[in-house]
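Q: Could you walk me through one small region of this protein slowly, and then show me how the rest of the chain fits around it? I would like to follow it on the screen as you go.

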Amino acid sequence: MEAAAAAVGVQLGSSKPQIATQAEMAEARLPLPYRDQCAHLLIPLNKCRVAEYYLPWKCEPERHSYEKCQYELVMERMLQMQKIREAQEDKAKGGVTIGVPLIPSAAKLS
């Protein structure tokens, strides 16, 4: 995947900076799969959840901001993958692209 991305000139990885440090994430006992660019939002969300006994109607602002961050990361990865596929198809077909785009043009992130 990385070789294909490098060959077509698409930069892999997120444009969002990692805000929470490894020490903060370890102190908050975040599982390894959750230590991403949204971890700085998950730490206060988990603290709120524990304080409010995991009541589903509590901690909504924290949960919403964390889920929005996760959604933006997914959309960014989908856009990167679409760019890689389009570049590979252009290369294979000689510049002619046919098909339905994976992401609508209105949803593209800058």
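A: Happy to. A good place to begin is a salt bridge between E52 and K58, whose closest N and O atoms are 3.9 Å apart. Please keep in mind throughout that this is a predicted model. E52 counts as partly exposed because its relative accessibility is 29%, and K58 is also partly exposed, at 33%.

Now look at Y53. This residue lies in the loop between α3 and α4, just after α3, and takes a positive phi of about 55 degrees there. Y53 is not a glycine, yet it has that positive phi. With a relative accessible area of 69%, Y53 is therefore classed as exposed.

L55 is found in the loop between α3 (39–51) and α4 (60–93). Its relative accessible area is 33%, so L55 is partly exposed. Together with Y53 and W57, L55 makes a nonpolar surface patch of about 410 Å². In soluble globular proteins, nonpolar side chains tend to be buried together. To be included in a patch like this one, a residue needs over 30% relative accessible area and no salt bridge. L55 has 33% and Y53 has 69%.

From the loop, step back into the helix that comes before it. α3 has 13 residues and spans 18 Å from its first C-alpha to its last, close to the 18 Å expected at 1.5 Å a residue. Which residues of α3 are buried? They are A39, L42, I43, L45 and C48. These buried residues pack against α2 (22–27) and α4.

That packing leads to the interior. The largest nonpolar core has 13 residues, and M25 and L30 are the ones with the most contacts inside it. α3 and α4 are the elements that give two or more residues to this core, and the largest share, 5 residues, comes from α3. If you click on L30 and leave aside its neighbours within four places in sequence, you will find it in contact with M25, R35, A39, L42, I43 and N46. A39, L42 and I43 are among the buried residues of α3.

On the other side of α3 in sequence, there is another backbone feature to compare with Y53. R29 sits in the loop between α2 and α3 and has a positive phi of about 60 degrees although it is not a glycine. R29 is exposed, because its relative accessible area is 73%.

Next, follow the chain past the loop and into α4. Here E67 forms a salt bridge with R63, with 3.5 Å between the closest N and O atoms. E67 and R63 are 4 residues apart in helix α4, which means that about one helical turn separates them. E67 is partly exposed at 41% relative accessibility, and R63 is partly exposed at 30%.

Helix α4 also has a partner elsewhere in the chain. The side chains of E72 and K16 meet in a salt bridge, at 2.6 Å from N to O. This pair links distant parts of the chain: E72 is in helix α4, K16 is in the loop between α1 (2–8) and α2, and they are 56 residues apart. E72 counts as partly exposed at 26% relative accessibility, and K16 is partly exposed at 22%. The structure holds 3 salt bridges, and you have now met each of them: E52 with K58, E67 with R63, and E72 with K16.

Finally, here is the whole chain around your region. It has 4 helices and 0 strands, and the elements run α-α-α-α from the N terminus on. Buried residues make up 21% of the 110 residues. The chain exposes about 8000 Å², and carbon and sulfur atoms supply 58% of that area. Among contacts between residues at least 6 apart in sequence, 51% join residues at least 24 apart.

So, back where we started: the loop between α3 and α4 holds Y53 and L55, and these two residues share a nonpolar surface patch with W57. The buried residues of α3, the helix before this loop, pack against α2 and α4.

Key: Residues numbered from 1 in each chain as written. Predicted model: local features only at pLDDT ≥ 70, side-chain atom pairs only at ≥ 80, totals over all residues. Heavy atoms only, no water. Patch = residues over 30% accessible without salt bridge, like charges linked within 9 Å, V, L, I, M, F, W, Y side chains within 5 Å. Areas by Shrake-Rupley, 256 points an atom, 1.4 Å probe, with all protein chains shown as cover. Salt bridge = Lys/Arg side-chain N within 4 Å of Asp/Glu carboxyl O. Buried < 20%, exposed > 50% of the residue type's maximum accessible area, 1.4 Å probe, protein only. Core = buried A, V, L, I, M, F, W, Y, C linked by side-chain atoms within 4.5 Å. Contact = heavy atoms within 4.5 Å. Expected span 1.5 Å × (residues − 1).
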